[in-house]
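Welcome, and thanks for opening the viewer. Keep the selection tool at hand, and we will walk through the model stop by stop.

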Amino acid sequence: MRINKYLAECGFAGRRGCEQIVLAGRVKINGKQVTNLATTVEENDLVTVDGKRAQPIHKHIYLMLNKPKGYITTTSDEKGRKTVLELLGNKFSDKRIFPVGRLDYETEGLLLLTTDGDLCNRITHPRNEITKTYVAKIENEVSEDELNKLRAGVILDGVKTKRCRISVLGFDDKITRLEVVISEGRNRQVRRMFETINREVIFLKRVGIGELKLGGLSRGEWRELKPKEVEYLKNV
Ligand code: URA
């Protein structure tokens, strides 16, 4: 098995994150440093990362969290901001749990966390086009013409966004509430899509990933995924 896949199965990160760990020279096989991504791990090899033994995890953890705003979705932060892992308490402090994809600092809602690097890789891989559903709030009314521009795709970083679905959920107190369903996961995608039509997203919450729904989970709370939810994610 390739070294990055092996490390992902050990729960270090998704496969691409594990490539970075290898390239950074943190990995040894049988005491010898490896930085070549083509390296394979054979049975009985002793693999270490930063000197600690890497062993495949057989019983993975799968969680759903309702991320509040003001938390970052990395496992540590050099600026000392709060991370989503702090919301899990001590229960998993000895496990290498990491967030599946990102939600930006100001965004709240459904975030998956797992020890399963392979699953993380599958969900976040652009090829899978798994849908993400957001509720977004924008000041004042938003016209159908404006929404049609976003639905058809707008240019972000020189690349057009895929077609997406946007429906108006309501208009109260001079705020438009929208449901936005995208099938990509580009950095700050929803906020930046609205920036292209000179509109600011003043509230953003993810409420669904594929068929998984946030449901009634309160802000800051988490729960383990049900077996059928894990099964669904393994087959997307
Ligand atoms: N789009 C954004 O703008 N932010 C997120 O966190 C997710 C999608």
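**First stop: a loop residue.** Please select Thr161, which sits in the loop between strand 10 (159-160) and strand 11 (165-172). Bear in mind as you look around that this is a predicted model.

Is Thr161 buried or exposed? Its relative accessibility is 3%, so Thr161 counts as buried, the cut-off for that class being under 20%. Now show what surrounds Thr161: leaving aside residues up to four places away in sequence, it touches Ala152, Gly153, Val154, Leu156, Glu184, Arg186, Gln189 and Met193. If you would like a sense of distance, add Asn4, which is 157 residues away along the chain; the C-alpha atoms of Thr161 and Asn4 are separated by 29 Å.

**Next stop: the ligand.** Keep Gln189 selected, since this contact of Thr161 is also one of the residues around the ligand. The others to add are Leu103, Asp104, Thr107, Tyr134, Arg188, Val190, Arg191 and Leu204. Colour them by class and you should find 4 nonpolar, 2 polar and 3 charged residues. Which element gives the largest share of this shell? That is helix 5, with 3 residues.

Zoom in on the backbone here. A polar backbone atom of Arg188 is 3.2 Å from an oxygen atom of the ligand, and a polar backbone atom of Gln189 is 3.4 Å from a ligand nitrogen. At Arg191, a backbone N or O atom lies 2.9 Å from an oxygen atom of the ligand. Taken alone, the ligand exposes 240 Å², and the protein buries 95% of that.

**Then the core.** Select Leu113, Val180 and Phe194, which touch the most other members of the largest nonpolar core, a set of 31 residues. At least two core residues come from each of strand 5 (62-67), strand 7 (108-114), strand 8 (132-139), helix 4 (144-152), strand 12 (175-182), helix 5 (189-195) and strand 13 (201-209). Centre on Leu113 and, beyond its sequence neighbours up to four places away, look for its contacts, among them Ile61, Leu65, Val84, Ile97 and Phe98.

**Last stop: two asparagines.** Most residues other than glycine have a negative phi. Asn30, in the loop between strand 1 (27-29) and strand 2 (32-33), has a positive phi of about 50°. Asn198, in the loop between helix 5 and strand 13, also has a positive phi, near 60°. Switch on the surface to finish: Asn30 is partly exposed at 48% relative accessibility, whereas Asn198 is exposed at 72%.

How values were computed
Residues numbered from 1 in each chain as written. Predicted model: local features only at pLDDT ≥ 70, side-chain atom pairs only at ≥ 80, totals over all residues. Heavy atoms only, no water. Core = buried A, V, L, I, M, F, W, Y, C linked by side-chain atoms within 4.5 Å. Buried < 20%, exposed > 50% of the residue type's maximum accessible area, 1.4 Å probe, protein only. Helix = DSSP H or I, 4+ residues; strand = E, 2+ residues; numbered from the N terminus. Contact = heavy atoms within 4.5 Å. Near = heavy atom within 4 Å. Polar contact = N/O pair within 3.5 Å; in protein donor to acceptor, adjacent residues only side chain to side chain. Areas by Shrake-Rupley, 256 points an atom, 1.4 Å probe, with all protein chains shown as cover. Nonpolar A, V, L, I, M, F, W, Y, C, P; charged D, E, K, R; others polar.
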